[in-house]
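Biologist: I've got a structure on my screen and I'd like to learn how to read it. Can you walk me through it?

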Amino acid sequence: MKVVILDIPTTEIFSTPEFNRLSSEVKKYRLHDQKVKLEDKYNIRFSPPHTYNRGLLFVAAVLEEKGVEVDYFNGDYDKDFWQKCQDKIKEADVLMASVKTNNYPVILEYFVQAREIKPGITTMIGGSHATAMPEQCLENDLIDFVVIGEGEITLAEWLDVYQSTGDDYSQILGLGYKQGKEVKVNSLRPLIEALDALPMPAYHLLPGGLKEYHPYIDTSRGCMYQCGFCSGPNFWRRKMRTRSFANFYKELELIKSLMGDYNFIHISDPMLGVTPQQLEILNQLKEKEIDLYFSCDVKANYIRPDLIQLMKDSGIIIFSIGIETLNDKALTLLKKNCTAELEIEACRAIKKFDGIYVKSYWIVGLPGEDKESLQYNNEQIYNLLKTEAVDQVCNHILVPYPGTEFFHDPKQFGINIMHDDWIHYEGRSYPLIYKLDNLSGDEIYKYFLEAHEYELKYYKEAYPSIAFTDEPGKQDQDNMSFGKYKGRLL
Ligand code: B12
Ligand code: SF4
């Protein structure tokens, strides 16, 4: 049996010339800032920025374990992947992809073409969007199977039925399928407890090898929080499971052996340093001389000096923290369990440690905001950079993703969603797909752009002697546009 996997992480961002100019300029300063504060200090060697979907590499590993021949194509690394993949599609039995909301239309576009190349090819999707909207996905003729939530065991069970003479999928938990024209969605599968029993991600399938991508690893799966903008809680049901150190370290050594001369890895747990097993992993990692540096995500709610010390001793030098907003009313509506004061205290506590770099993530246009609070956030962005409470700010516009209360019960939050044209469900796209009762989409976008102006104001003061001469906007357009999408299905 043959399977083709399409990994298409990058999709079109419908931006404006103002945004392209600002973000391109900001990006250059950020890179410079990172070079001065990190790369030169630690001799960090970052890998190329290509990205891959780690979930799909688990999927591929399960298929290979079951003796399936897998061809994997990565649209971010290889812009000609579609040319190369067509012959493989002709020979394949099944076509698989992972679906986040805004790459869904792009994936459908490829599925249309795949069915022209090989009529009747079986299709299967999984991922955040497929998990949040299984029925809606299956109503599309292009989708035969949907895997809801974690994929490994569901996929293995599905394969047994698919390869047998029978076609009874009704007993496979976590699977959506069609019986004739009727859409069927089975009950949810319990989360996988034995993470150590999972295969290692199939890194050997990455075109060009792992050294061509920014690598990441996790110590756990899941998250206990329920931030209103995140579909993670719907996916992971607010439970966390952690790997053993031995299993984590085995993957870390594998990654290191594949990443060439680069020495920086992102630890992608939604939150690191909360479970006792995660602390054990960090404690053991700090004893190893693996000569790697890491970035990770933390939350203000649980960060404290002894944990920061432990993380630093384990090689973590970039901490990303989701501030989102400094408006307590909006933070309450978000169910962040955190106040603006705590967010800032956490940043300052991390920055007290010498040589640590703090990235802060912000969301513009949350319910509970008004013009004054958005203006205040932007002024504070400048102040926090200036007083070195944070080193970097990354702004996104709110996207009410399927799987969140903001999407399924928007009125309760004063959110008005305009359409479900998924390609626009991206935190930098314009025009916005929603407005608030008290703020139009254009008003929110104005504050989003101004946030970049405040960031630039700081950088220009911090690095007055730097002049960037490249054509503004060009670099960003190259990075962001994924020109294959034609939108003919919308
Ligand atoms: C780590 C993370 C990242 C990492 C890595 C992302 C990646 N490439 O996978 C980084 C930082 C790069 C990232 C970036 C982005 N992310 Co992110 N990210 C997460 C986070 C915190 C955890 C996801 C994770 O690693 N899961 C573990 C892996 C193993 O699970 P998985 O990838 O889902 O795969 C499993 C199943 O889904 C299933 N599966 C998936 N696909 C398929 C396909 C088949 C055929 C089968 C059988 C099974 C299957 O099996 C896999 C193995 O169990 C979640 C939030 C959360 N708490 O879940 C957000 C989340 C997934 N991200 C999100 C978004 C929007 C983004 C960005 C678009 C943000 C942006 N504007 O740039 C980018 C897109 C990046 C990209 N190029 O794909 C959203 C997706 C929402 C949605 N409905 O689309 C989430 C849910 C957060 C949110 N805001 O709600 N992200
Ligand atoms: S944003 Fe992060 S902390 Fe909040 S629910 Fe999602 S994964 Fe968890």
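Modeller: Let's start with ligand 1, keeping in mind that this is a predicted model. In this model 40 residues surround ligand 1, and the closest are Pro 9, Gly 55, Gly 126, Gly 151 and Gly 232.

Biologist: Which elements give two or more residues to the shell around ligand 1?

Modeller: Look for helix H2 (54–65), helix H5 (128–132), helix H7 (152–163) and helix H8 (232–236), plus strand S3 (94–98) and strand S4 (122–126). H2 supplies the largest share, with five residues.

Biologist: And how do the residues of that shell around ligand 1 divide into nonpolar, polar and charged?

Modeller: The split is 18 nonpolar, 16 polar and six charged.

Biologist: Okay, now ligand 2. Which residues are around ligand 2?

Modeller: Here's the list: Cys 223, Tyr 225, Gln 226, Cys 227, Cys 230, Gly 232, Pro 233, Pro 270, Met 271, Lys 299 and Gly 322. Sorted by class, the shell around ligand 2 has seven nonpolar, three polar and one charged residues. Have another look at Gly 232, which is listed around ligand 2 and is also among the closest residues to ligand 1.

Biologist: Next, helices. How do I describe two that pack together?

Modeller: Two packed helices are described by the angle between their axes and the distance between those axes. Try H2 and H7: their axes come within 10 Å and cross at roughly 35°. The crossing of H2 past H7 is right-handed.

Biologist: Which residues of H2 and H7 meet there?

Modeller: On the H2 side you'll find Phe 58, Val 59 and Val 62, and they meet Glu 152, Leu 155 and Ala 156 of H7. By class, that contact has five nonpolar residues, no polar ones and one charged.

Biologist: Can I see a second pair?

Modeller: Sure, go to helix H10 (residues 276–287) and helix H11 (residues 305–313). Their axes come within 8 Å and cross at roughly 45°. H10 and H11 are therefore oblique to each other, and H10 passes H11 in a left-handed crossing. Leu 282, Asn 283 and Lys 286 are the H10 residues in the contact, facing Leu 310, Met 311 and Asp 313 from H11. Three nonpolar, one polar and two charged residues make up this contact of H10 with H11.

Biologist: What about H14 and H16: how do their axes cross?

Modeller: The axes of helix H14 (residues 371–386) and helix H16 (residues 441–462) come within 9 Å and cross at roughly 20°. Angles under 35 degrees count as roughly parallel, so that label fits H14 and H16. H14 passes H16 in a right-handed crossing. Among the residues making the contact are Leu 374, Ile 381 and Tyr 382 of H14, and Tyr 447, Ala 451 and Tyr 454 of H16. The whole contact of H14 with H16 divides into eight nonpolar, one polar and five charged residues.

Biologist: Now single residues. Is Gly 176 buried or exposed?

Modeller: The cut-off for buried is 20 or more other C-beta atoms within 10 Å. Gly 176 counts as buried because it has 26 C-beta neighbours inside 10 Å. You'll find Gly 176 in strand S6 (residues 175–179). Leaving aside neighbours within four places in sequence, its contacts include Pro 134, Phe 145, Ile 148 and Val 185.

Biologist: And Gly 208, buried or exposed?

Modeller: Gly 208 is exposed, because 12 other C-beta atoms lie within 10 Å. Gly 208 sits in the loop between strand S7 (182–185) and strand S8 (216–217). Gly 208 and Asp 78 are 130 residues apart in sequence, yet 9.1 Å apart in space, C-alpha to C-alpha.

Biologist: Last topic: what should I look for in the backbone?

Modeller: Most residues other than glycine have a negative phi, and most peptide bonds are trans. Now check Glu 324, in strand S13 (residues 316–324), where phi is positive, near 70°. Glu 324 counts as buried, because it has 25 C-beta neighbours inside 10 Å.

Biologist: Where is Asn 337 found?

Modeller: In the loop between helix H12 (328–334) and helix H13 (340–351). Asn 337 isn't a glycine, but its phi is positive, about 55°. With 14 other C-beta atoms within 10 Å, Asn 337 is partly exposed.

Biologist: Which residues does a cis peptide bond join?

Modeller: Tyr 430 and Pro 431, with omega about -5°. Pro 431 lies in the loop between strand S16 (415–417) and strand S17 (434–436).

Methods: Residues numbered from 1 in each chain as written. Chains lettered and ligands numbered in written order. Predicted model: local features only at pLDDT ≥ 70, side-chain atom pairs only at ≥ 80, totals over all residues. Near = placed C-beta within 6 Å. Nonpolar A, V, L, I, M, F, W, Y, C, P; charged D, E, K, R; others polar. Helix = DSSP H or I, 4+ residues; strand = E, 2+ residues; numbered from the N terminus. Axes fitted to C-alpha atoms, helices over the stretch in contact; angles between N-to-C directions. Parallel < 35°, antiparallel > 145°, perpendicular 65-115°, else oblique. Left-handed = near helix turned anticlockwise from the far one by under 90°. Contact = placed C-beta atoms within 7 Å.
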